[in-house]
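This report is for a reader who is new to the structure shown below. It goes through a metal site, a pair of helices and a few backbone details.

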Amino acid sequence: MYRPRVLIIEDEARIVEVLTWYLQKDGCEVLAALDGETGLEMALSERPDAIILDLMLPGLHGLEVCRRIRRESRVPILMLTARDAESDKVLGLETGADDYVAKPFSSRELMARVRALLRRATFSDSMARDRLSFPGLEIDPAGHEAALNGQPVRLTPMEFQILLLMARSPGRAFNREEIIEHASGMEFIDARTVDVHIRHLRAKLGEDPSNPRYLHTVWGVGYKFEVVT
Ligand code: CA
C-alpha cells in the first residue's frame, strides 16, 4: 500500500512527537529533522511527498529552508508560523510555501491541511508522470526521455524541460520569461538563451527551421508546440 512520506522540520520535540503520532495514525511515513540544515538536506535527499516546516528554527531560518527547497523541488510545503505574525504568512507564501498554519494549531486542522496538500500532490504527480505521445514524437517525463520516430533523442536537462513544458500545452504560446521560469527554475539565464535552446531542440528533432513540425515561432511572443502533419 502507498504510504505518503511526510518530513517534519521543527525544533520543538513535543510538536514533532504529536505530529508524528497523528501522521502515522493517518497512514503516513514520518521523517523528522530538528534544525534547518538537516531538514533541507533530508528534503532534497529523501524526496518526501509533503513537508511541514517550522519558521523559527535554530541555524538556517525556515524561510531560507523553504527558498532553497523550492530551487530544487515542487514538493508541497506547509509552514508553521507564529500566531498573528501576518508578515510571516505573506513571506512564507511568497517564498514558495503552499499553505500555512499558525501556532498554536489544532492537530485536527493541521491534519486536514496536510491531507489536502497530499491529495493535490498525488494528483499533480501522476499527471507529471504521464507519457506524452504525438505523431512521431514520444516524451516520457518519468524517464526524462524523448524519442523521435522511435529513436531516442539526446536532450540536455534544460532542452528536455522546455520541450516538456510546451508539449503539455499544445497550441499555447509561451514567452521567453515563462519558458525560463517554468522549465529551469534558474532565474539567471538570459531570455536570448531560450532561443539557443530552441534552436538546439529543433536541430535534435530534425526540424526544418523554415517549416517546423513541432516547435513554432510565435512572432512578438515566443514559441509554441504544435504538431503539423
Ligand atoms: Ca521552532
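In this predicted model, the calcium ion has three protein donors named here: Asp11 (OD), Asp54 (OD) and Met56 (O), which lie 2.1 to 2.3 Å from the ion. Along the chain, the donors of the calcium ion are spaced as D-x42-D-x1-M. Asp11 sits in the loop between β1 (5-9) and α1 (13-25), while Asp54 belongs to strand β3 (residues 50-54), so this pair ties together parts that are 43 residues apart in sequence. Asp11 is partly exposed, with a relative accessible area of 33%, whereas Asp54 is buried, at 2% relative accessibility.

Helix α8 (residues 191-204) has 14 residues. At 1.5 Å a residue the helix should span 20 Å, and its end C-alpha atoms are 21 Å apart, which agrees. Which residues of α8 are buried? They are Val194, Asp195, His197, Ile198, Leu201 and Arg202. Seen down the axis of α8, these buried residues fall within an arc of 165°, so they line one face of the helix. Arg192, Arg199 and Ala203 are exposed and sit on the face of α8 turned away from the buried side. After α8 comes Gly206, which has a positive phi, near 65°.

Helix α6 (residues 157-167) meets α8: their axes come within 10 Å and cross at roughly 85°. Angles of 65 to 115 degrees count as roughly perpendicular, and α6 and α8 are therefore roughly perpendicular to each other. On the α6 side the contact is made by Met158, Glu159, Ile162, Leu163 and Met166. On the α8 side, His197, Ile198, His200, Leu201 and Lys204 take part. His197, Ile198 and Leu201 are also listed among the buried residues of α8.

The remaining points concern the backbone. Most residues other than glycine have a negative phi, and most peptide bonds are trans. Lys103 and Pro104, however, are joined by a cis peptide bond, with omega about -5°. Pro104 lies in the loop between β5 (99-103) and α5 (107-129). Two residues other than glycine have a positive phi, as tabulated here.

| Residue | Phi | Loop | Relative accessibility |
|---|---|---|---|
| His144 | near 55° | between β7 (137-140) and β8 (145-148) | 45%, partly exposed |
| Asn149 | near 50° | between β8 and β9 (151-153) | 59%, exposed |

Strand β8 borders both loops: the loop of His144 runs between β7 and β8, and the loop of Asn149 between β8 and β9.

Conventions. Residues numbered from 1 in each chain as written. Predicted model: local features only at pLDDT ≥ 70, side-chain atom pairs only at ≥ 80, totals over all residues. Heavy atoms only, no water. Donors = N, O, S within 2.8 Å, 3.2 Å for Na, K, Ca; no water. Helix = DSSP H or I, 4+ residues; strand = E, 2+ residues; numbered from the N terminus. Buried < 20%, exposed > 50% of the residue type's maximum accessible area, 1.4 Å probe, protein only. Expected span 1.5 Å × (residues − 1). Arc of directions from axis to C-beta. Axes fitted to C-alpha atoms, helices over the stretch in contact; angles between N-to-C directions. Parallel < 35°, antiparallel > 145°, perpendicular 65-115°, else oblique. Contact = heavy atoms within 4.5 Å.
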